[in-house]
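Colleague: I should be grateful for a close look at one part of this model. Please describe the sheet in the second chain, and then place it in its wider setting.

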Amino acid sequence: MVKIIYVEHTGTRHEVNVPDGENLMEAAVQNNVPGIDGDCGGNAACATCHCYIPSEWQALTGERSELEDSMIELADTAQPNSRLACQIKASAALDGLEVHMPATQH
Amino acid sequence: MATQLKDTRITQTLPQGSVSWPLPPRVRPEFADHDKATLESYLASAPLDEVDIADPLWWETDTNHVYFRRLREEAPIFFTHVNSNRHRGFWNVTRWNDVMAVDTNHQVFSSEAMLGGITLFDMDSDFIMPMFIAMDQPKHDVQRKAVNPIVSGQNLAGYEELIRSRTCEVLDSLPRGEAFDWVDKVSIELTSRMLATLFGWPQERRRMLTYWSDVSTSDPELPGSPGKEERQGILLGMLQEFTMLWNERVNAEPTGDLVSMLAHNPATRNMPPMEFMGNLVLLIVGGNDTTRNSITGGLYFLNKNPGEYAKLKANHGLVENMVSEIIRYQTPLAHMRRTALQDTVLGGQLIHKGDKVVMWYSSANRDDTVLDRPDEFIIDRARARQHMSFGFGIHRCVGNRLAELQLKILWEEILKRFDHIEVLEEPERVPSAFVRGYKSMMVRIPA
């Protein structure tokens, strides 16, 4: 299990234990974390699991794919540290990761 | 079943280029009346090749599901061959995962207007209307971003009160104890008011927006619809009226409406007239037809499923989840079309460069290999947000959150006021393989 902390726009924190290998959108939805919708089911195709990754974690969470990049760029809340949670898989290296959510998903 | 699947695919050899191909006869029986059971039994047993699912008959009678169920099981990627002057043939993509694969592969499957655009029937070659939904990257992205702010979370929060007060006004004006048309009095009324606000268009002339929306999606081949030239004339008239608004706003301070946004954004302020018209058509149809038909569909589904209606009355907290289920079950736009930019293999079928590929969202939304009991309307469905109706990838519906907000407020206010709204007879449906909707639906609210 990997501890992931989802932080709502308001600052409310949700600590979730995520099985190794599960993507962070799925884990949020399974645990009823508000603010992550995951409409496309994990294909980087809707940007409703948009989140921000703090700079110290970026190297460990990897790079955006081409489709992910396109989808994020179309969200009005996009920032340089934006990612789609469905494209990040839990692993031991991410234990303690803070995932920040925008005010609204598109 | 597995053997059958393989066989069907092998026999689907394609007509390509100058190769003469023995086309099976495209003759559908003339049905004495459009009795649903007769049509469904025909679709259940006719040779797959004999049916042209783009025929408005299958949509007006809401019988197309029978054929799509067969395609999903027997031939999930299936070529419907040319139908005289109606269309030049197209691929049907019917399963969830295949639709997802096409919708997210923008490099291979193009939306470009010059290649025919995003609907099964090509745009008129002498009346191409470029619009951002019918553009590929990178131009699509910059134009879409020009209008994106209208549906930002912040903007939607600002609209909420207005939507609620209008919804209350419309619902409070409805007659009690007498039959009336829900489509006209509620669905069109609410969506046209919203659309007028989005465009900064005069409210007293809001029904013009509905009219233009209907004209732009109408089928010139159908009796009663404007013919090709008349249709073009009407749309040019629309362009003229909006150009006046544009000219007023282009040199004024931004007013936050769509016309002003397009006029002020560097990506769109120098659009040629046909491109301005194209984007108007896109935004009008996108904001009008779709939500209108989900407003009607929701009430219809609840009447057809009294157990679900009872569930809703007992627990108003189900509204939000129900809204997603309504949008799935209605699938207000039945398909989106792409054009292959290169030869490619999809689900074991060779798609050739230039082929028309139709993603049937309405079929993917009933794919039982992905969704649990998809033919049922279940308002407390788990993960109801996972539906195809908004599309996926860069062309995903830009107004999805606004649509959800309008429907949510409507149902919250309906539940506060009316114990029941009774659908009196089967609704009259739109004869279109694109807009899955209703022309009218007679209802009564008990006195």
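Modeller: The account below begins with the sheet of chain B, moves on to the contact between the chains, and ends with chain A. The model is a predicted one, and everything said here should be read in that light.

In chain B, five strands make up an open sheet with mixed pairing, and their order across the sheet is S1-S2-S8-S5-S3. At the edges lie strand S1 (77-80) and strand S3 (109-110) of chain B, each of which pairs on one side only. Within the sheet, strand S5 (residues 335-340) of chain B runs antiparallel to strand S8 (residues 356-360) of chain B, and five bridges join this pair. One position shows the pairing at the level of residues: B:Thr339 is found opposite B:Lys356 in S8(B). A helix also belongs to this picture. Helix H5 (residues 96-103) of chain B packs on the sheet and touches S1, strand S2 (90-93), S3, S5 and S8 of chain B. The direction of H5(B) makes an angle of about 130° with that of S8(B).

The contact between the chains comes next. Chain B contributes 18 residues to this contact, and chain A contributes 16 residues. On the side of chain B that touches chain A, H5 and helix H6 (139-147) of chain B are the elements that give two or more residues. H5(B) thus appears both in the packing on the sheet and in the contact with chain A. The most is given by H6(B), with three residues. Sorted by class, this side of chain B holds seven charged, seven polar and four nonpolar residues.

Chain A, the partner in this contact, has three helices and five strands, arranged along the sequence as β-β-α-β-α-α-β-β. The radius of gyration of chain A is 12 Å, close to the 13 Å that the globule rule gives for 106 residues, so chain A is as compact as a globular protein of that length. Its C-alpha atoms fill a box of roughly 35 × 25 × 25 Å along the principal axes. Of the 106 residues in chain A, 45% are buried. Among the contacts in chain A with a separation of 6 or more, 65% are between residues 24 or more positions apart.

One helix of chain A illustrates the burial. In helix H3 (residues 66-73) of chain A, the buried residues are A:Leu67, A:Ser70, A:Met71 and A:Ile72. Strand S3 (50-52) and strand S4 (82-84) of chain A are included in what covers these buried residues of H3(A).

Key. Residues numbered from 1 in each chain as written. Chains lettered and ligands numbered in written order. Predicted model: local features only at pLDDT ≥ 70, side-chain atom pairs only at ≥ 80, totals over all residues. Helix = DSSP H or I, 4+ residues; strand = E, 2+ residues; numbered from the N terminus. Rg over C-alpha atoms; globule rule 2.2 N^0.38 Å. Buried ≥ 20, exposed ≤ 12 C-beta atoms within 10 Å, placed from the backbone. Contact = placed C-beta atoms within 7 Å. Pairing = 2+ DSSP bridges. Axes fitted to C-alpha atoms, helices over the stretch in contact; angles between N-to-C directions. Nonpolar A, V, L, I, M, F, W, Y, C, P; charged D, E, K, R; others polar.
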